[in-house]
Amino acid sequence: QFGMDLPTGYIDGNTGYVRGVSFAARLTITFFRKKPAHLLFPGRALCGEIIVADIGIGDSVLSELDVRLHENNPALWRESLPSAGAAAHKYTKGHVLVVSGGATATGAARLGARAALRMGAGLVSVVSPPSALQVNASHLTAIMLLRFEGAEGLATLLEDKRRNAVLVGPGNGVGAQTRANVEAIMTSGAACVIDADAITSFEQGPRDLFVAIGNYFAGPTVLTPHEGEFKRLFPDLEGSKLARALAAAKRAGAIVLLKGPDTIVAAPDGRAIVNANAGPELGTAGSGDVLAGMIAGLLAQHTPAFEAAAAAAWMHGRAGTLFGRGLIAEDLPRLNEIYNHYILHTPITFDVEPKTLSQRAEWLAQFSTTGRHQCFVATENNMLQGWACSGPYRPKAAYQTSVEFSVYLAPEAQGRGLG
């Protein structure tokens with residue numbers, strides 16, 4: 001029930017494919033760094049819990065290698081996230097337009113719009129055909145509503161260069177009108193997330209989409225297909241999921257986020273990340289619309305497209321895990337806001353050193369050699385109310401994914417600030 005490097009059998013370490021047979025391990029121990037097969041299905045499903053063991057290979061060797069594939073984690077993109085200065089206002093934080101479908105297909109656009117606003121965009125507008133104005137107006141508050149008619153109307157709205165990011169596709173319908181809308185966006189200079197119906201609309205002529213993306217005036221572009229939509233744009237691409245995503249990004253000249261339990265974000269220059277933190281909770285209607293809106297919200301704030309897609313994918317997966325069973329798409333924007341504000345940006349990260357142990361609590365002693373930890377500290381009027389700290393489980397257990405969590409409450413504080 002234990003695997004060394006990979007479970008016994010033949011799992012292709014580069015692709016995750018099972019070449020023949022392999023048993024399903026409860027625990028797999030590998031060395032120095034994970035292989036793609038530890039993250040890509042079906043290989044990942046056979047590995048069980050994965051421990052990366054230290055066998056004395058220093059991290060310095062990575063500087064000698066051209067490493068272009070990573071497991072998604074905040075260290076890859078945290079420094080690229082928007083950080084508003086004290087003088088920032090809504091117009092400096094970007095304006096996202098989300099293209100709505102007709103009167104009976106408006107919900108997807110609103111899900112994406114709300115996600116973009118939660119990610120910090122200063123303004124978000126749903127741009128609506130006349131038939132859907134009343135439906136959208138009855139559901140929107142902080143998100144604004146703009147009318148447009150056809151690709152010319154959309155192009156006119158985008159003449160205002162403060163409107164610097166667009167989400168197109170969710171609920172838009174498949175056909176010539178959606179194709180024309182995409183082509184209008186591609187000549188505006190706005191960053192663009194192309195999702196859902198906007199992808200399928202180019203099934204009969206994918207080259208037309210790639211030419212539009214390559215337009216001199218086109219802004220940064222992210223394609224967000226699931227496997228079915230991917231095959232409509234790239235029917236000839238074969239091989240592993242990773243290889244196909246990289247080939248597609250190079251052909252399209254855009255960032256490609258190929259969705260799934262092992263979502264891949266690939267760039268035309270050969271960089272790629274595998275997202276491994278998403279669970280089956282995200283398999284619900286509208287979840288992808290929220291993800292697309294999250295990316296658009298970051299693009300509007302000038303986050304580079306690759307990092308915007310990677311960050312959104314990771315936060316999206318984390319939000320699903322935080323909620324668990326019963327998640328619906330409407331829950332995700334709020335969960336992402338909570339995570340983004342209170343967890344991603346708030347932690348004080350420190351190295352635990354023996355000389356500081358006596359100033360903390362006795363429980364820290366068991367973590368003295370386990371590296372970095374996170375600590376949330378609550379104060380009121382400069383008085384300590386308490387702290388909540390986490391760290392890897394004690395090393396002898398060797399469970400990399402386990403966490404031990406402790407809370408200290410100052411008796412006089414009665415728990416204030418640690419909710």
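Which residue forms a salt bridge with aspartate 66? It is arginine 68, and the closest N and O atoms of the pair are 3.2 Å apart. Hold on to that pair. I will come back to how exposed its two partners are.

First, the background. What you have above is a predicted model. The protein has 419 residues, and 49% of them count as buried. The program assigns 12 helices and 19 strands. Now the contacts. Take those between residues at least 6 apart in sequence: 62% of them join residues at least 24 apart. On the outside, the protein exposes about 20100 Å². Carbon and sulfur atoms supply 53% of that area.

Next, backbone geometry. Most residues other than glycine have a negative phi, and most peptide bonds are trans. Here are three places to check against that.

Start with the peptide bond from phenylalanine 41 to proline 42. That bond is cis, with omega near 5 degrees. Where does proline 42 sit? Proline 42 is in the loop between strand E4, residues 27-31, and helix H1, residues 43-47.

Stay in that loop. Phenylalanine 32 also lies between E4 and H1. Phenylalanine 32 is not a glycine, yet its phi is positive, about 70 degrees. Is phenylalanine 32 buried or exposed? Its relative accessibility is 18%, so phenylalanine 32 counts as buried. The cut-off for buried is under 20%.

The third place is aspartate 5. Phi there is near 75 degrees, again positive in a residue other than glycine. Aspartate 5 belongs to the loop between strand E1, residues 2-4, and strand E2, residues 9-11. Its relative accessibility is 22%, so aspartate 5 counts as partly exposed.

Aspartate 5 takes us to the salt bridges. A search of the whole structure finds 13 of them. In one, the side chain of aspartate 5 meets that of lysine 35, at 2.9 Å from N to O. This pair links distant parts of the chain, with the two residues 30 apart. Lysine 35 is in the loop between E4 and H1, and aspartate 5 is in the loop between E1 and E2. So the E4 to H1 loop comes up again: proline 42 is there, phenylalanine 32 is there, and lysine 35 is there. How accessible is lysine 35? The value is 30%, so lysine 35 counts as partly exposed.

Back to the opening pair, as promised. Arginine 68 has a relative accessible area of 35%, which means partly exposed. Aspartate 66 has 62%, which means exposed. The cut-off for exposed is over 50%.

Another pair: aspartate 160 and arginine 162. They form a salt bridge with the closest N and O atoms 3.1 Å apart. Aspartate 160 is partly exposed, at 24% relative accessible area. Arginine 162 is partly exposed too, at 47%.

Last item. Which residues are linked with Arg271 in a network of salt bridges? They are Asp269 and Glu307.

To recap, take three things away. The bond from phenylalanine 41 to proline 42 is cis. Phi is positive at aspartate 5 and at phenylalanine 32. And aspartate 5, in the E1 to E2 loop, is tied by a salt bridge to lysine 35, in the E4 to H1 loop. That is my tour. Over to you.

How values were computed
Residues numbered from 1 in each chain as written. Predicted model: local features only at pLDDT ≥ 70, side-chain atom pairs only at ≥ 80, totals over all residues. Heavy atoms only, no water. Helix = DSSP H or I, 4+ residues; strand = E, 2+ residues; numbered from the N terminus. Buried < 20%, exposed > 50% of the residue type's maximum accessible area, 1.4 Å probe, protein only. Salt bridge = Lys/Arg side-chain N within 4 Å of Asp/Glu carboxyl O. Contact = heavy atoms within 4.5 Å. Areas by Shrake-Rupley, 256 points an atom, 1.4 Å probe, with all protein chains shown as cover.
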